[in-house]
Amino acid sequence: MPNSVGTRVPKPIPLPKRPLTVQPPIWAKSRQEVCESFEWFKSYQGGVYFKGDIARGYLLGGFYASRDLLARDGRLIISHGGGKAESVHSKKGKPTLQEASDQHEGDKSVRALLHTYRLRKEIALLIDDRYPLFPYDLSAKKDCTYVVLGFYHIVHAWAERQPCNNEKGYVVRWKFAFEWCERQPAPWWLPPSGAVCPPDPDQPEQAAGPLEGRCPACKKKSPLVYKEGWMCLQPSCTAFWTFTDGVLGPEELTYDESFLAVSFRCEHDPLEDIVPQPPAVPEDGVVTSRRFSRGWHCKKCGRLSSRYKWQHWECNHCGETMQVMGKNRIAKEFWGQNNSRFMTHKVHDPANTIRMCSLMQGTVQSFNFPIKRSPGPRGTIYAVLGNSIVNRIADEIFDEYQEQAKTGELQFRRFPLRSHHCRGELLTNYFSQNSGEPYQYVGGTAHTVPFDAAPSAVVKARDLIQSRMMSVMQAESQPYHFNEVLSAAYMEEQSMSFHSDAENGLGPRVASLSLGSCAYMHFRLLKKYRTDGGSGNVPKSLTLFLRHGDVLIMDGADIQKYYEHTVVPLNFRIAATARYIGRNHL
Ligand SMILES: O=C(O)CCC(=O)C(=O)O
């Protein structure tokens, strides 16, 4: 990172790292694996994970600051926390430097860290393979990018002044000192001989507070942190970062030994188990709740893995599995689903090009949403509603899907997203399986099963979609032909984010069957077609409320060209979406 812009970020003196020979008890390759499997850290972007006003996890990464420290074999760690550090972001594909700015006590993550410090609560510390101060090289272990160190306490928190090429010439950064919680076994990275930590002769028997001084200007106390002398460490004070003789603190400072020796001597309640535990199957046998979509900790090798297969948890490192045996859900369970929001279709903006009309054709009721604008999008979205006969067939298909997914005959998986901003792979937030022609959008060719070998649930879903479609499009001389079905399974709180089915070579019609829980399907204009130039939040154009047995048809390539859609189920749901994939499909 260039030192000429923003804060003058010091470089740590590279330590000769020893290869990591012991197996870390909890580790992962991707950030998603950590966030989905480790309750103490669920932050996909920042370095601090907090819940309410309590910091639960802290990730030490590659950004180094002056006086960051790892001492006492990792039992004492000092780090600059709370965000707003100088960072590089990708803007229109180009790396752009974001300058550092002042951290404030009221900033969410600083506030949570300070609160946790005052409550003397434990916090889980993690490192990634870029953290320069850990004496062992994580790359010696395959795929070992993130490692959980263990529980620590925050034993000090103070503000520093860090030089910066901004108008003021500095920024305020908060520093936190974390001390190993002695209520746990010795740090796992130490060789066994060091496991029983002899009492440090320099450590006082009783926990002693740091030496403190009171500032004559603000009358507040600050600890003696640096050997060079006592300074006021209150950022709001006029004497902040000055010695008692008024001289400004230098850049080069050394910690005072009395400051580093301070210890908490854990006084709190017994520690929670830091090792993630799998959920127990509840009495009602429901294994599609949110807990079951979370990741899993392999007891054999320590790896955290996302739940990427439907039929069981599987370790991404050693292949160990854990079965999940639950009951099949029935559509009836979701009949009474009530949501505080609306429970029917909605055209959001009456002046929109989308209109709504309810149609009855024989026994088939459908809501049609014609989209007409010239020049501009043209097409129709149909919501073909279920009825008692259709729902009986849908019930059977729903059950068959679950049965075949349970045994692995139908391989529901979460596949990696093609583009994202997360470290490591990022898997979709739903499970899917592709049958018929390969569909590059999800899973690619390797995981597609041709129709003649497809699970019966998929074939039955395709046939029901086809017949429901025919019932509202009776006037068509040529039956429309689908050659691909993407089946998606959503556990509680899973969803499919905004996308459009606009890839080259896709036929103009896309139709899906809904099974199980109700779902909202929102449509919105793609940013590039909005008259306001796409500023702010993109408003929705249309929301459909899809129920068990409903078939949704998007008819017209313009729907995909101009609009994107998202599906947000209220609970466990399966959908089968049929398309025509042409030869020129990417
Ligand atoms: O879950 C659904 O109903 C639709 C899924 C979808 O949008 C898709 O497969 O592109």
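1. In this predicted model, the residues around the ligand are Leu486, Ala488, Met496, Asp501, Ser512, Ser514, His565, Val567, Ala575 and Thr577. Four elements each give two or more residues to this shell, namely strand 25 (484-490), strand 27 (509-516), strand 31 (563-569) and strand 32 (573-579). Sorted by class, the shell around the ligand has five nonpolar, four polar and one charged residues.

2. Two of the residues around the ligand, Met496 and Val567, also deserve attention for their place in a sheet: Met496 stands opposite Val567 in strand 31. Strand 26 and strand 31 run antiparallel and are joined by two bridges.

3. These strands belong to an open sheet of five strands, which follow the order 19-29-28-31-26 with antiparallel pairing. Its edges are strand 19 (346-347) and strand 26 (496-499), each of which pairs on one side only.

4. Turning to the protein as a whole, the model has seven helices and 32 strands, and buried residues account for 39% of its 586 residues. If one considers contacts between residues at least 6 apart in sequence, 69% of them join residues at least 24 apart.

5. The domain assignment divides the protein into domain 1 (1-189), domain 2 (211-267), domain 3 (290-323) and domain 4 (344-579). The contact between domain 1 and domain 2 takes 17 residues from domain 1 and 16 residues from domain 2. On the side of domain 1 that touches domain 2, strand 11 and strand 12 are the elements that give two or more residues, and strand 11 gives the most, with seven residues. By class, that side of domain 1 has eight nonpolar, three polar and six charged residues.

6. Helix 2 (residues 108-119) can be checked for its length: at 1.5 Å a residue, its twelve residues should span 16 Å, and because its end C-alpha atoms are 16 Å apart, the model agrees with that expectation. The helix is followed by Arg120, whose phi is positive, near 60°.

7. As to the surroundings of helix 2, the residues Ser109, Val110, Ala112, Leu113, Leu114 and Thr116 are buried. The buried residues of this helix pack against strand 3 (48-51), strand 4 (54-60), strand 6 (76-81), strand 9 (122-128), strand 11 (146-163) and strand 12 (170-180). Strand 11 and strand 12 thus appear in two settings, since they pack against buried residues of helix 2 and also give residues to the side of domain 1 that touches domain 2.

Note on methods: Residues are numbered from 1 along each chain as its sequence is written. This is a predicted model: local features need pLDDT of at least 70, side-chain atom pairs count only at pLDDT 80 or more; totals for chains, interfaces and linings use all residues. The expected span of a helix is 1.5 Å times one less than its number of residues. A residue is buried if 20 or more other C-beta atoms lie within 10 Å of its own, exposed if 12 or fewer, and partly exposed in between; C-beta atoms are placed from the backbone. Two residues are in contact if their C-beta atoms, placed from the backbone, lie within 7 Å. Domain bounds come from an automatic or database domain assignment. Ala, Val, Leu, Ile, Met, Phe, Trp, Tyr, Cys and Pro count as nonpolar, Asp, Glu, Lys and Arg as charged, and the others, Gly among them, as polar. A residue is near a molecule or strand if its C-beta atom, placed from the backbone, lies within 6 Å of it. Two strands pair if DSSP finds at least two bridges between them.
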